[in-house]
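Here are a few friendly notes to read with the model open beside you. They cover a helix pair and then the nonpolar cores.

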Amino acid sequence: HRSYSVLVKMMARVRRGNSSMVILATVLGVLGIVSVLMTQGGVRAENTGRLGRYYASGSVGRTALHSAAFNTASTHRVFAPTRDDIKMQTSWGRNSPVTMPRNSYRPVSPFTSFASQSPRAISTTAVTTNPLIEMKDTPSAFPPFDRITADTVVDGIRDILKDCDDKLGELEKSVKPTWGELVEPLEKLSDPLERTWGAVQHLKMVRDSDALREAVEAIQPEVVQMSLKIKQSQAIDFKTLKDSKEYADFSEAQKRIVEAQMLSAKLSGRELSGEKQQEFNKIQQRLAELSTAFGNNVLDATKAYSVLKKEKEDVKGLPDSALALAAQSARAKGHEDATPENGPWLFTLDI
């Protein structure tokens, strides 16, 4: 409110034609508005430019807004924590911890200051959206990793698979061997699944958990099956497109895309039929299963390995940052007196 008062007084004193003062007043005004929105906690700007959802939180600790707020199909009574109660980490691949004392909730509104609000619930359905489905419907620069949890994976990916299957059926009925009626619609069809499944796989690598592993293993066979269904579709024929007159006018990049799609379809069993194709599909499912199991084993081995060094000669030449991290790891494992200068130092492969 003070920022707004200062802005009003400044604008009243701006003389006509003094462009520098107008620009200064405008900048201060924008900064003031942004500051108000940011300090009201619980409101964040989505990549689409709209004001974000009201984050829900109960007394359940760090995963409250990750799971409870986004997995119920009904209207929520939403509360937002006070600014001082929130501690957020925004780096990819980590949880965004939310810690707050019980019963310290304030309602949040993007348009009204906290001072004018009474402590009551706000009804909204905005938080009911699965973040993976949201990625499908609203492509953004970065996946909402802080909201993708094991609880959202199966339902979210399954919804996207159904949508992909429906669009594939429509495309097969109307497809023509042209760039605009084959390549572009196929890209739009497969892109949501590739982006969301890629985000889940990335999250599993950097924030591994038993629950996330179970979710990935549960839905992975359906993802593989849909991928094979797209590649093996007889209606989607890139060879016909390559043999068309239009192909001669394609750019080198377009020709490369067509050729890559042809090769990918061939390697995915499109030219097989009957029992041979069925056997191929079984092998692909088994390969996906083994690949996931191997990745899990690598993660487990990586997290399990460590080596403790106690002599300064053993760490000679290492940068201070590495020694500080190694000492921190040692303290976390019970070596309470570990320091970057004197050790001991615990080194792991979990980077």
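1. At what angle do helix H6 and helix H9 pack, and how far apart are their axes? In this predicted model, H6 (residues 179–206) and H9 (residues 252–267) meet at an angle of about 70°, and their axes are 12 Å apart. Angles of 65 to 115 degrees count as roughly perpendicular, so H6 is roughly perpendicular to H9. The crossing of the two helices is left-handed.

2. If you would like to display the residues that make this contact, pick Trp-179, Val-183 and Leu-186 on the H6 side. On the H9 side, choose Gln-254, Ile-257, Val-258 and Gln-261. By character, the residues of the H6 contact with H9 comprise five nonpolar and two polar, with no charged ones.

3. Next, the largest nonpolar core: this one has 37 residues. Ile-157, Ile-219 and Phe-238 have the most contacts inside it. At least two residues of this core come from each of helix H4 (131–137), helix H5 (150–174), H6, helix H7 (210–231) and helix H8 (238–242). H6 provides the largest share, ten residues.

4. Ile-157 is a handy residue to centre your view on. Which residues does Ile-157 contact, leaving aside its neighbours within four places in sequence? They are Leu-132, Thr-196, Trp-197, Val-200, Ile-219 and Val-223.

5. Finally, please look at another core, which lies apart from the largest one and has eight residues. Leu-323, Ala-326, Ala-327 and Trp-345 are among them.

Definitions and conventions:
Residues are numbered from 1 along each chain as its sequence is written. This is a predicted model: local features need pLDDT of at least 70, side-chain atom pairs count only at pLDDT 80 or more; totals for chains, interfaces and linings use all residues. Side-chain values use heavy atoms; hydrogens and water are left out. Axes are lines fitted to C-alpha atoms, for helices over the stretch in contact, and angles run from 0 to 180 degrees between N-to-C directions. Helices (H or I, at least four residues) and strands (E, at least two) are DSSP runs, numbered from the N terminus. Angles under 35 degrees count as roughly parallel, over 145 as roughly antiparallel, 65 to 115 as roughly perpendicular and the rest as oblique. A crossing is left-handed if the near helix is turned anticlockwise from the far one by less than a right angle, and right-handed if clockwise. Contact means heavy atoms within 4.5 Å. Ala, Val, Leu, Ile, Met, Phe, Trp, Tyr, Cys and Pro count as nonpolar, Asp, Glu, Lys and Arg as charged, and the others, Gly among them, as polar. A nonpolar core is a set of buried Ala, Val, Leu, Ile, Met, Phe, Trp, Tyr and Cys residues joined through side-chain atoms within 4.5 Å. Buried means under 20% relative accessible area, exposed over 50%, partly exposed in between (1.4 Å probe, protein chains only).
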